[in-house]
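Colleague: Before I use these labels, I would like to hear what stands behind each of them.

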Amino acid sequence: MTKTRKSVLSALIGCLSVILAYQPAMLAEEPSAATVDAKLPLNAVLVLTPEFCATKFKQGSVWTTGRETFDVGKMACTDLEPALKSAFGNLTVVSAPPTSGDAQLVLVPKFTDTHATTSSFAFANREMDVFLEWTVKDAAGKTIWLQTVQGSSKHHMGNMFTHGHNVNLIVRDSVKDVADQSVAKMEASAELRKLVPGKTTSAK
């Protein structure tokens, strides 16, 4: 090996040693997303009224594509509470908007629309979208966050024997998705994070 090649090799080894030495420190300075606590340390009240839980959307015609009923409210009143509990320090569920109390946030959901594609083939995929509007008020009753969240899912159309089961599946997964999407948007909301004691705007 020539003298020049030895010098180049020594230089490369030296650079590599420096990089390896600093790498642990560099990694330690960058917190991973998993270590960041996105939960809002607030007392929230989720309002699930009987009217909301009974929300249904109908689609189709008895004489053409067939009449379908999407029971989104019933599914939402099962899925929203466990999903939103992961987003707040404390979550209480009530059946009517509170008139008083120590809630820092009052969360009021409302389904605005639901639609599913159709197909004449049993094993063809169909897609469903649900739209959930959130009105979030502070302790004084002022609306501080108003947003519509979309949830989606996909399942087979099904035949005359399996169609009803597949409708339940597509509704279940769409509502679960809109619940998850709602959690993500609330955790990322600058308006909601402004209410955290000792915090200023810190949107992700």
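The exchange below takes up a salt bridge, a pocket and a charged patch.

Modeller: This is a predicted model, where local features need pLDDT of at least 70, side-chain atom pairs count only at pLDDT 80 or more, and totals for chains, interfaces and linings use all residues. Residues are numbered from 1 along each chain as its sequence is written, and side-chain values use heavy atoms, with hydrogens and water left out.

Colleague: Why is the contact of Glu68 and Arg126 called a salt bridge?

Modeller: The term requires a side-chain nitrogen of Lys or Arg within 4 Å of a carboxyl oxygen of Asp or Glu. For Glu68 and Arg126 the N to O distance is 2.8 Å, so the pair meets the definition. Glu68 lies in strand β3 (residues 68–70) and Arg126 in strand β6, 58 residues apart. The whole structure has five salt bridges.

Colleague: Which elements give two or more residues to the lining of the largest pocket?

Modeller: They are β5 (105–116) and β6 (125–138). The lining includes Val106, Val108, Lys137 and Asp138, and the volume is about 230 Å³.

How values were computed:
On a 1 Å grid over the protein atoms alone, a cavity is a set of points where a 1.4 Å probe fits but cannot get out, and a pocket is an open set with protein on both sides within 12 Å along at least five of seven lines; lining residues have an atom within 4 Å of a point. Grid points are joined across faces, edges and corners, and a volume is the space filled by probe spheres set on the points. Helices (H or I, at least four residues) and strands (E, at least two) are DSSP runs, numbered from the N terminus.
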